[in-house]
Amino acid sequence: MAKADMLSRLINTLTKAEKRYFRMYTALQQGNKDYVNLFDLMEHQSFKSTAEVKLAFQQQYAGCSYDVCSKYLYKVLLDCLLHLRLQKQSTAMLTAGILKCDILFERSLHEEALKQLQKIQTTATANEKQLLLLWAQQQEIQLLQQLNFSGITAEELSHKQSDIQHTLDDMQQIRKQTTLYETLRHTLLYRGSARTIRQQESVDMLHAEMPAPVPESTTSLKTHLLFQAHYHLATSDHPAALQVFHQLNQLLETHPALFEDTPADHLLIIEGILDSLRAGKHYEELFSFIDKIKRLKSDGVYFEIMQQRLLFIYESGAYIDSGDFGFALKLLQQYAPTIQKNISLMDISKQAEIYLYMALIYLGNEDINNAHNSLEQVLQSNLYSTLPIYRTCRLVHLLIQYELGNFEYIRYETRAFRRHLQPDARRSYMLERTVIKFLGSGEIPAVTAFRTALWKKMNASFDKIRADKYERQQLKLFDFSAWIEAKLKRKSLGTVLQEKIKN
């Protein structure tokens, strides 16, 4: 990303408090402040490209260098954000404290430097900042060595060395836990939940390697629980995943500082609970938890947009499941302006998810053109092709083509789709094969008896899918069986889903 684009992103994600601090900071500066004029321009106007910003700035402030101002503005904004962080976050304050100790020692204020390092170690231990604790411990030993270990006995030195080794041992254990958790998350993000025995075995191997939590370490416990929750998601055991996510949520409420440096973990826990509740069809509890999320205070633009995404996905998802596409459309109209404005802040998997849910809502409301346009955002880019959700997008796209009557196109696409299914998993991906088989048969028979017999056959296949833990998870995103039933029984998709919920 070019620095000019980064500047635009930086300004667009500033909170009101951060903007206010920037104003106060720049008011104290002397000399030329053309960079503040550039900030005002970018804050109050929307531009489609950097070239537009540059042109508007040069027209409004002739003689000023856009390149110089933009580079300096970028530097000042980062300085302001860093200074704010130093006042609020314990990690930043501890880091600054260690650097201050270096300055004290350089000025021969040895006693004060060692005193401050002891305080930092105490705070770092209490907040489980192992890396900063190790840094402070090593700094203390280094300073003592430069003082020729004045005033310290051999036993005291040995004790301090043992403390460093203990810190290293804990860090190594937590690093192993984190490595396994990162590997599992990467697997879930780019391969999805296990859908074959081989895939199940690979996540089971990770699970077998996971060490127990480090005693009296909430950081280690948090990583262990995150791994366990995602393991249950990977193996489609949503009740077990929900139980672990509730434990994590309790840990979050009792140890909020533990998530200070990893706000993304906070969002993961929230989403894990929502995902597990929806998978188990616990809609009453789902909506209760959604109300709780709405009351959360955002910690900035990124947290706010992710919060909006969660609300849109799981609120609308619940209404899609129940066939209330009219209300789902109202939610789309409510959330769309904010989400679409900030969608570039999301990673590609979340962007694809947003477009898929938009397409499903439009499909349920029989707005086929908008459904098609939503999915085109994903299918026309190679960015999304490696994601597990991409296969679902392609499958829904085939439903849309069926609605449009493009049967020849469907026959061509289904051949390409089959090639993407794993050749060594003949008994897997039953859902995809079942839907493709139906779509490939072309127009629906006009005779009622034929349609009834076909649905009986199709429903038998879906019964097998629902009974298979590797297959039924795909119905969590969208009930493809309901769409086929609606076609064969000549009912609306919403009506069929409402009947399923009642039953």
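The following points comment on a predicted model of a single protein chain.

1. Overall fold. The chain contains 24 helices and zero strands. Its C-alpha trace spans about 95 × 65 × 40 Å along the principal axes.

2. Burial and surface. Of the 503 residues in the chain, 49% count as buried. The accessible surface comes to about 26,200 Å², and carbon and sulfur atoms account for 52% of that area.

3. Contacts along the sequence. Among contacts with a separation of 6 or more, 65% join residues that are 24 or more positions apart.

4. Charges. The chain carries 60 positive and 56 negative charges. The mean positions of these two sets lie 7 Å apart.

5. Residue Q139. This glutamine belongs to helix α8, which covers residues 130-146. Its relative accessible area is 12%, which is under the 20% cut-off, so Q139 counts as buried. Beyond its neighbours within four places in sequence, Q139 is in contact with I98, D102 and L117.

6. Length of helix α10. This helix has 13 residues (197-209), and at 1.5 Å a residue it should span 18 Å. The C-alpha atoms at its ends are 19 Å apart, which agrees with that expectation.

7. The two sides of α10. Q199, Q200, V203 and L206 are the buried residues of this helix. They lie on the same side of α10 because they cover an arc of only 120° around the axis. These buried residues pack against α9 (154-191) and α11 (218-234). The face turned away from the buried side carries the exposed residues I197, R198, M205 and A208.

Key: Residues numbered from 1 in each chain as written. Predicted model: local features only at pLDDT ≥ 70, side-chain atom pairs only at ≥ 80, totals over all residues. Heavy atoms only, no water. Helix = DSSP H or I, 4+ residues; strand = E, 2+ residues; numbered from the N terminus. Buried < 20%, exposed > 50% of the residue type's maximum accessible area, 1.4 Å probe, protein only. Contact = heavy atoms within 4.5 Å. Areas by Shrake-Rupley, 256 points an atom, 1.4 Å probe, with all protein chains shown as cover. Lys, Arg positive; Asp, Glu negative; His and termini not counted. Charge placed at Lys NZ, Arg CZ, Asp CG, Glu CD. Expected span 1.5 Å × (residues − 1). Arc of directions from axis to C-beta.
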